[in-house]
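Thanks for making time this morning. I would like to take you through one model, and I will give the cut-offs as the terms come up.

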Amino acid sequence: MTDIRPTKTKQNIENAFINLLNEKELHAITVENICKKALTSRSTFYLHYLDKYDLLAQVVDTQILVFEQIVKKRLDGLISGHFEETIVQFYNELTDRQLIIQTLFSIDEPGYNLKNKFENILYQYWLKYLINKSNSRHNELIAKFGASIVFDTLNWTFEHGIDNDTLSFVENIRKKLLDMSSSLK
């Protein structure tokens, strides 16, 4: 049987760190604060992380990995024609992770800026989708618009919750954008 204690310990440390980030700025958080909040020792912390920046990097990397998986599923759903259920799934999965995502969005440190990383992932997937559909010289601009729409809608749903009217509105914008892009050369 696999020992789940190390995984549980890492999860406790990460949760404590996220909670602390909601209370104070990154520069004000110490390893001691994290350990105290996680009810663990410094030596246990250092078994898993080099310092608080390594912890932050691992938390950000995990969120990026999960976000990419969610975006890939969304793209696969769009390609297969399952627009409506795909968009609802996308925002549901992300709002389930809302606390950690919004907390990490507040960090504006070079290399750890989750907002920029999410926007770039969305842009890359939009661009990939557009290149597969058309050969427009405007694909990069359209991908920027598309990524912005999705990212802004994500932030909006974090503030206001998910509702079908809003998601339908956004889906109509996406369709119009794609229709307009196909007419460009």
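I will start with the basis of the model, then turn to the core, an annotated span and a pocket.

This is a predicted model, in which local features need pLDDT of at least 70 and side-chain atom pairs count only at pLDDT 80 or more, while totals for chains, interfaces and linings use all residues. Residues are numbered from 1 along each chain as its sequence is written, and side-chain values use heavy atoms, with hydrogens and water left out.

The largest nonpolar core, meaning buried Ala, Val, Leu, Ile, Met, Phe, Trp, Tyr and Cys residues joined through side-chain atoms within 4.5 Å, has 54 residues, and Phe90 and Leu104 touch the most other members; buried here is under 20% relative accessible area with a 1.4 Å probe, protein chains only. Among the elements giving two or more residues to this core are helix H1 (5–23), helix H4 (52–79) and helix H6 (98–105), helices being DSSP runs of H or I with at least four residues. Leaving aside residues up to four places away in sequence, Leu104 is in contact (heavy atoms within 4.5 Å) with Ile18, Leu21, Leu56, Val59, Val60, Gln63 and Leu114.

An unreviewed UniProt entry carries the annotation "domain: HTH tetR-type" for residues 7–67, though such annotations may be inferred rather than shown by experiment. That span, residues 7–67, is 79% helix.

Which residues line the largest pocket? They are Gln11, Glu14, Asn15, Ile18, Asn19, Thr62, Gln63, Arg97, Leu99 and Ile100, where a pocket is an open set of points on a 1 Å grid that fit a 1.4 Å probe, with protein on both sides within 12 Å along at least five of seven lines, and lining residues have an atom within 4 Å of a point. H1 gives the most to this lining, with five residues.

Methods: Buried means under 20% relative accessible area, exposed over 50%, partly exposed in between (1.4 Å probe, protein chains only).
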